[in-house]
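Got the viewer open? Here is a short tour, one selection at a time.

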Amino acid sequence: ATVVEKAVQKLDEIDTEKPFFFYVGVLGPHDPYFVPQKYLDWYNPDEIELPENFEDDLSDKPALYRRTQDRYAQLSREEHKESIRRFYAFCSYEDALFGKLLDQLEKRDLMKNTLVLYVSDHGDYIGSHGLWAKGLPCFQEAYHVCAMAGGGPVCGGGRMSEARLSLADW
């Protein structure tokens, strides 16, 4: 939150007569998934489901994958579900923080001429294949993440695309 608060302050100082580039990088949603209770309350623990591939035995992968999976196997199914709930809550918290930046752009009347990108550097397995975090390569959950673009140059369309692109494409 401190990073976003500082960014909101900085946006208040930007000279709107000149083009600018402004990057705000937050650390979440990374484990440990500590978030304000408000965001946890948005997710009913009884409605959290484990990924379809949670039971993947990874027998077709190198032994490193199974050894890594074994570290997470010590968690109960309920602990996995609670961790997923906390990850979702953390994502919602990050969205709320991003909203503060958008509010400041609106307040300064900068949205009409500003391209805003909301991107992530990677995903999290959140229980897929019985794994967490992103350390092991090859699974789409760590690499196939959403991105959003908005603001003046792209407003009005409101469309979704399944096109594949990378951060380098932006």
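## Starting at the pocket

H4 is a good first selection: with 9 residues, this helix gives the most to the lining of the largest pocket. Keep in mind throughout that this is a predicted model.

Now bring in the other contributors. Helix H1 (2–13), helix H4 (77–107) and strand S1 (115–118) each supply at least two residues of that lining. The largest pocket holds about 1700 Å³ of space. Of the 50 residues that line it, Phe98, Leu117, Tyr118, Val119 and Ser120 are the closest to its centre, so show those five as sticks if you want to centre your view. Colour the lining by residue class and you get 31 nonpolar, 10 polar and 9 charged residues.

## Zooming out

Switch to cartoon and colour by secondary structure. The protein chain has 5 helices and 2 strands, and reading along the sequence gives the pattern α-α-α-α-β-α-β. Along its principal axes, the C-alpha trace spans about 60 × 35 × 25 Å.

Next, put a surface on it. The chain exposes about 11800 Å², and carbon and sulfur atoms supply 52% of that. Of the 170 residues in the chain, 29% are buried. If you draw contacts between residues at least 6 apart in sequence, 69% of them join residues at least 24 apart.

## Into the core

Hide the surface again. Nonpolar side chains in soluble globular proteins tend to be buried together. What should you select here? Try Val35, Ile84, Tyr93, Leu101 and Leu105, which have the most contacts inside the largest nonpolar core, a set of 26 residues. H1, H2, H4 and S1 each supply at least two residues of this core, and H4 again comes out on top, giving the most with 9 residues.

Stay with Leu105 for a moment. Which residues does Leu105 contact, leaving aside its neighbours within four places in sequence? The partners to pick are Leu11, Leu110, Met111 and Val116.

Apart from the largest core lies another one, of 7 residues. Leu58, Tyr65, Leu136 and Phe139 are among them, so select those four to find it.

## A stop on H4

Go back to helix H4 and pick Lys100. Is Lys100 buried or partly exposed? Its relative accessibility is 43%, so Lys100 counts as partly exposed; the window for that class runs between 20% and 50%.

Add Val4 and Val8 to the selection: Lys100 touches both, not counting residues up to four places away in sequence. Then draw a distance from Lys100 to Val8. Their C-alpha atoms are separated by 7.3 Å, although the two residues are 92 apart along the chain.

## Two cis prolines

Most residues other than glycine have a negative phi, and most peptide bonds are trans. The next two stops are worth a look with that in mind.

Select the loop between H1 and helix H2 (37–40), where you will find Pro29. The peptide bond from Gly28 to Pro29 is cis, with omega near -5°. Pro32 is found in the loop between H1 and H2 as well, and a cis peptide bond joins Asp31 to Pro32, with omega about 0°.

## The loop after S1

Move on to the loop between S1 and helix H5 (140–143), and pick out His129. Phi of His129 is near 60°, a positive value in a residue other than glycine. Is His129 buried or exposed? At 9% relative accessibility, His129 counts as buried, because the cut-off for buried is under 20%.

Ala133 lies in the loop between S1 and H5 too. Phi of Ala133 is positive, about 70°, though this residue is not a glycine. With 28% relative accessibility, Ala133 counts as partly exposed.

For the last selection, take His122, again in the loop between S1 and H5. Relative accessibility is 19% for His122, so this residue counts as buried, with the limit set at under 20%. Which residues does His122 touch, not counting those up to four places away in sequence? Show His30, Lys134, Ala142 and Val145 to see these partners.

Technical notes: Residues are numbered from 1 along each chain as its sequence is written. This is a predicted model: local features need pLDDT of at least 70, side-chain atom pairs count only at pLDDT 80 or more; totals for chains, interfaces and linings use all residues. Side-chain values use heavy atoms; hydrogens and water are left out. On a 1 Å grid over the protein atoms alone, a cavity is a set of points where a 1.4 Å probe fits but cannot get out, and a pocket is an open set with protein on both sides within 12 Å along at least five of seven lines; lining residues have an atom within 4 Å of a point. Grid points are joined across faces, edges and corners, and a volume is the space filled by probe spheres set on the points. Helices (H or I, at least four residues) and strands (E, at least two) are DSSP runs, numbered from the N terminus. Ala, Val, Leu, Ile, Met, Phe, Trp, Tyr, Cys and Pro count as nonpolar, Asp, Glu, Lys and Arg as charged, and the others, Gly among them, as polar. Buried means under 20% relative accessible area, exposed over 50%, partly exposed in between (1.4 Å probe, protein chains only). A nonpolar core is a set of buried Ala, Val, Leu, Ile, Met, Phe, Trp, Tyr and Cys residues joined through side-chain atoms within 4.5 Å. Contact means heavy atoms within 4.5 Å. Accessible areas come from the Shrake-Rupley method with a 1.4 Å probe; for residues, only the protein chains shown count as cover.
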